[in-house]
Amino acid sequence: MKTQIQVCGLITKYEVLSVIKTNILQDTCVAEASQPYADYYGGRPNEAKPNSLFLFTRKFYFLEEILSLNHHLENCPLDKLNIASAIVYINEKQHPAIRLKFFPDYRRLAELQNCILKQGIEFASPVSINGKYRTDIHKLFEMEEEEEGIFIDLLEENKGYITFPQKLSSSQFYEIFESLKNNSSCRLFDAEQGIVFINGKLTTIVRVFAEKLDVQLLECIQQNFQKIFRTHKAIHSSYV
């Protein structure tokens with residue numbers, strides 16, 4: 001029997017960010033992820049459409065504080081938005097932000113910022129941004145467990161998750177996934193690492209993005225990921 005769950009967690013991504021300079025409040029900073037799923041669309045960059053905005057704030061706001069905005073901003077352009085709390089790492093410094101997805105009209109950004117200001121959120125001054133940065137996205141997940149350790153996202157198309165017994169360093173994770181992409185029968189996909197709380201337990205997950213994503217692809221990635229991980233672990237252990 002399939003199980004639907006709502007859980008809080010975090011996804012760590014590396015995003016190419018560019019500053020938005022028009023239609024925003026003076027002395028604030030807003031950036032967009034200009035190359036979403038860059039590894040997936042690398043050969044077809046025009047296929048990827050920006051859909052993530054980062055509104056930089058003076059301090060870090062917890063996820064529950066950010067999610068509460070949806071309940072109080074009745075007359076603001078927040079309909080159907082995916083809202084989350086975020087940290088962007090710029091020159092080894094943490095910069096807090098509100099992450100928004102699917103904002104329909106950039107001409108209404110200043111209007112949105114004013115609405116958020118009325119709820120007591122304070123925005124940060126402009127930050128120098130132009131490049132690829134690590135982002136930690138603290139968000140609410142709504143997903144359905146298709147099989148043990150395999151989930152389909154219920155809010156966003158073409159996204160799924162597989163669980164993994166331990167968190168890997170960034171270098172380990174990308175080394176294994178580059179090997180997986182180059183040496184497996186799994187079709188093209190993009191992947192990032194994260195953590196969620198499931199039944200009170202901290203669980204490592206891999207977020208997978210692919211057009212027409214299905215359970216078969218997630219199974220393929222899960223099986224090959226575990227196989228390559230065991231091989232890498234054995235190789236590295238031999239040097240100890």
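Is K13 buried or exposed at its relative accessibility? At 13% relative accessibility, K13 counts as buried. The legends below describe a predicted model, and the first view begins with this residue.

**Figure 1. K13 and E15 form a salt bridge.** The closest N and O atoms of K13 and E15 are 3.2 Å apart. K13 falls under the 20% limit for a buried residue, because its relative accessibility is 13%. E15 counts as buried too, with a relative accessibility of 4%. This pair is one of the salt bridges of the structure, which number 11.

**Figure 2. The chain contains five helices and 10 strands.** Of its 240 residues, 49% count as buried. The accessible surface comes to about 13000 Å², and carbon and sulfur atoms account for 47% of that area. Among contacts in the chain with a separation of 6 or more, 68% are made by residues 24 or more positions apart.

**Figure 3. Strand β1, residues 3–20, pairs with β6, β9 and β2.** The strands β1 and β6 run antiparallel and are joined by 16 bridges. Within this pairing, V7 stands opposite F141 of β6. The pairing of β1 with β9 is also antiparallel and extends over four bridges. Here G9 has V196 of β9 as its bridge partner. Strand β2 covers residues 30–33, and four bridges join it to β1 in the antiparallel sense. In that pairing, I20 of β1 is placed opposite V30 of β2. A general point helps in reading such a view: in a regular strand, side chains alternate between the two faces of the sheet.

**Figure 4. C186 and C220 form a disulfide.** The sulfur atoms of the two residues are 2.0 Å apart. The count of disulfides in the structure comes to one. C186 lies in the loop between α4 (170–182) and β9 (190–198), whereas C220 belongs to helix α5, residues 215–238. The pair therefore links distant parts of the chain, its members being 34 residues apart. The torsion about the S-S bond is about -100 degrees, so the disulfide is left-handed. C186 is buried, with a relative accessible area of 9%, and C220 likewise counts as buried, at 15% relative accessibility.

**Figure 5. Two further cysteines, C8 and C29, are shown with their exposure.** C8 counts as partly exposed, at 40% relative accessibility. C29, in contrast, is buried, and its relative accessible area is 3%.

**Figure 6. P126 occupies the loop between α3 (109–117) and β6 (130–147).** Is P126 buried or exposed? P126 is exposed, because its relative accessible area is 54% and the term applies to values over 50%. Apart from its neighbours within four places in sequence, P126 is in contact with D27, T28 and C29. P126 and V19 are 107 residues apart in sequence, yet the distance between their C-alpha atoms is 9.2 Å.

**Figure 7. R58 and E122 meet in a salt bridge.** The N to O distance between the two side chains is 3.5 Å. R58 lies in the loop between β3 (52–56) and α1 (63–67), and E122 in the loop between α3 and β6, so the salt bridge ties together parts that are 64 residues apart in sequence. R58 is exposed, with a relative accessible area of 60%. E122 is partly exposed, with a value of 41%.

**Figure 8. R134 and D136 form a salt bridge.** Their closest N and O atoms are 2.9 Å apart. The two partners fall into separate exposure classes: R134 counts as partly exposed, at 31% relative accessibility, while D136 counts as buried, at 5%. Elsewhere, which residues are joined into one network by salt bridges that share partners? The members of that network are K101, K139, E156 and K159.

Technical notes:
Residues are numbered from 1 along each chain as its sequence is written. This is a predicted model: local features need pLDDT of at least 70, side-chain atom pairs count only at pLDDT 80 or more; totals for chains, interfaces and linings use all residues. Side-chain values use heavy atoms; hydrogens and water are left out. Helices (H or I, at least four residues) and strands (E, at least two) are DSSP runs, numbered from the N terminus. Buried means under 20% relative accessible area, exposed over 50%, partly exposed in between (1.4 Å probe, protein chains only). Contact means heavy atoms within 4.5 Å. Accessible areas come from the Shrake-Rupley method with a 1.4 Å probe; for residues, only the protein chains shown count as cover. A disulfide is a pair of cysteine sulfur atoms within 2.5 Å. Two strands pair if DSSP finds at least two bridges between them. A salt bridge is a side-chain nitrogen of Lys or Arg within 4 Å of a carboxyl oxygen of Asp or Glu.
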